[in-house]
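Thank you all for coming. I would like to take a few minutes to walk through one model with you, so please have a look at it on the screen before I begin.

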Amino acid sequence: MIEGRGPPPLPAPVPRPVRPLAGFFLDLAIAIGAMLFLSVACGMAWAMFEGVRFALQGGAAPDPASLMRSIGQPGALAMIWMTLVSTGGAALVVYLWRRRATRAERTASIQAARKLSTWGWVLATAAATFLFSTAITSLSQSLGVKPEPTNLAIIEAAFLTNPVFLALFGVLIAPAYEELLFRRVLFGRLWAAGRPWLGVALSSAAFALMHEIPGTTGNSWQATGVLWLTYGFMGAAFALVYWRTRTLWASIAAHALNNAVALALVRLYGGG
């Protein structure tokens, strides 16, 4: 042993990377937690506002159960706002914390959005989702199953209160934050890890389940299954157009077109 020379230094510890699948479910758990927290906060704020309003009008403050039973048109609009804050806020939290886009990614996305072929894929995706949802709904109704989305009554009531805001929310705002969460964050994590098909499957399942939560609707299990199939197909279609075009703007635009057609139909046949 040479005098004055000690043992070689130990190598610096290398941080163990989070596995993609574990990262996916961690992202999803954070989103659900943020959504629940913001939903409760919004609900409490709304209840306090209604209590103050009733007190100023000289009446007794209603209990929470009465508030929910008497949702009406103003209540429907309030629930749209609560959805915007809770779901949109959760999407921003997870995006900014876990999957924020780099400058290079943003530049590549803008370049892809400038391609004419990107918008051809957008139109094809929107048409596919509309045709599939129409076909599956018609088939289920012919079999005696009548699925009704949970938010349909709220949308119809909100249309009567403020149709402009509802149109902006449904066509522009909701597609943006839903694509940010389900496609950019959830699908994008597995896509970046080289497992895009697993990302399509899992992000689409999450998209369907968070639109129709089991046990919280009046739909039969058959009707709930039809709605899951419809939302799952939409989620897969939006993930595929994002994957194909390499820009989130494509999935946002396809989602927006799908919602615009759905809202137009609600307005024509259900909203008066």
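I will start with the overall picture and then move to individual residues.

What we have here is a predicted model, in which local features need a pLDDT of at least 70, side-chain atom pairs count only at pLDDT 80 or more, and totals for chains, interfaces and linings use all residues. Residues are numbered from 1 along each chain as its sequence is written, and side-chain values use heavy atoms, with hydrogens and water left out.

On confidence, pLDDT is the predictor's own confidence in each residue, on a scale from 0 to 100, and the chain averages 85, with 85% of the residues scoring at least 70. Over residues 67-72, however, the pLDDT is below 50, and this stretch has eight contacts in the model beyond near neighbours in sequence, where a contact means heavy atoms within 4.5 Å. Where pLDDT is low, the predicted coordinates should not be read in detail.

As for the fold, the chain has ten helices and zero strands, both taken as DSSP runs numbered from the N terminus, with helices being H or I over at least four residues and strands being E over at least two. Among contacts between residues at least 6 apart in sequence, 82% join residues at least 24 apart. Buried residues make up 40% of the 272 residues in the chain; buried here means under 20% relative accessible area, exposed means over 50%, and partly exposed lies in between, with a 1.4 Å probe and protein chains only. The accessible surface comes to about 15,600 Å², of which 70% belongs to carbon and sulfur atoms, and these areas come from the Shrake-Rupley method with a 1.4 Å probe, where for residues only the protein chains shown count as cover.

Let me turn to the charged pairs. The structure holds four salt bridges, a salt bridge being a side-chain nitrogen of Lys or Arg within 4 Å of a carboxyl oxygen of Asp or Glu. One of them joins the side chains of Asp27 and Arg98, at 2.5 Å from N to O, and this pair links distant parts of the chain, with Asp27 in helix H1 (residues 20-56) and Arg98 in helix H3 (residues 72-98), 71 residues apart. Asp27 also forms a salt bridge with Arg189, again with the closest N and O atoms 2.5 Å apart, and here the separation is 162 residues, since Arg189 belongs to helix H7 (residues 163-192) and Asp27 to helix H1.

How accessible are these residues? Asp27 counts as buried because its relative accessibility is 0%, and Arg189 also counts as buried, at 16%, whereas Arg98 is partly exposed, with a relative accessible area of 24%.

A further salt bridge joins Arg183 and Glu179, the closest N and O atoms being 2.7 Å apart. These two are separated by about one helical turn, because they are four residues apart in helix H7, and both of them are buried. Salt bridges that share partners join Asp27, Arg98 and Arg189 into one network.

Arg183 and Glu179 come up again around His255, a residue of helix H10 that is buried, with a relative accessible area of 3%. Leaving aside neighbours within four places in sequence, His255 is in contact with Pro175, Glu178, Glu179, Arg183, Phe207 and Phe238. With Glu178, the side chain of His255 makes a polar contact of 3.3 Å, meaning a pair of N or O atoms within 3.5 Å where, within protein, one must be able to donate a hydrogen and the other to accept it, and where residues adjacent in sequence count only if both atoms are side-chain atoms.

Just before helix H10, Arg246 lies in the loop between helix H9 (221-245) and H10. Its phi is near 65 degrees, a positive value in a residue other than glycine, and Arg246 is partly exposed, with a relative accessible area of 47%.

Finally, the surface. Phe130, Leu131, Val261, Leu265, Leu268 and Tyr269 form a nonpolar patch with about 620 Å² of accessible area together; patches are made of residues with over 30% relative accessible area and no salt bridge, like charges being joined within 9 Å and nonpolar side chains (Val, Leu, Ile, Met, Phe, Trp, Tyr) within 5 Å. Helix H5 (116-142) and helix H10 (248-270) each supply at least two of its residues, and H10 gives the most, with four. Leu131, which is found in helix H5, is exposed, with a relative accessible area of 56%.
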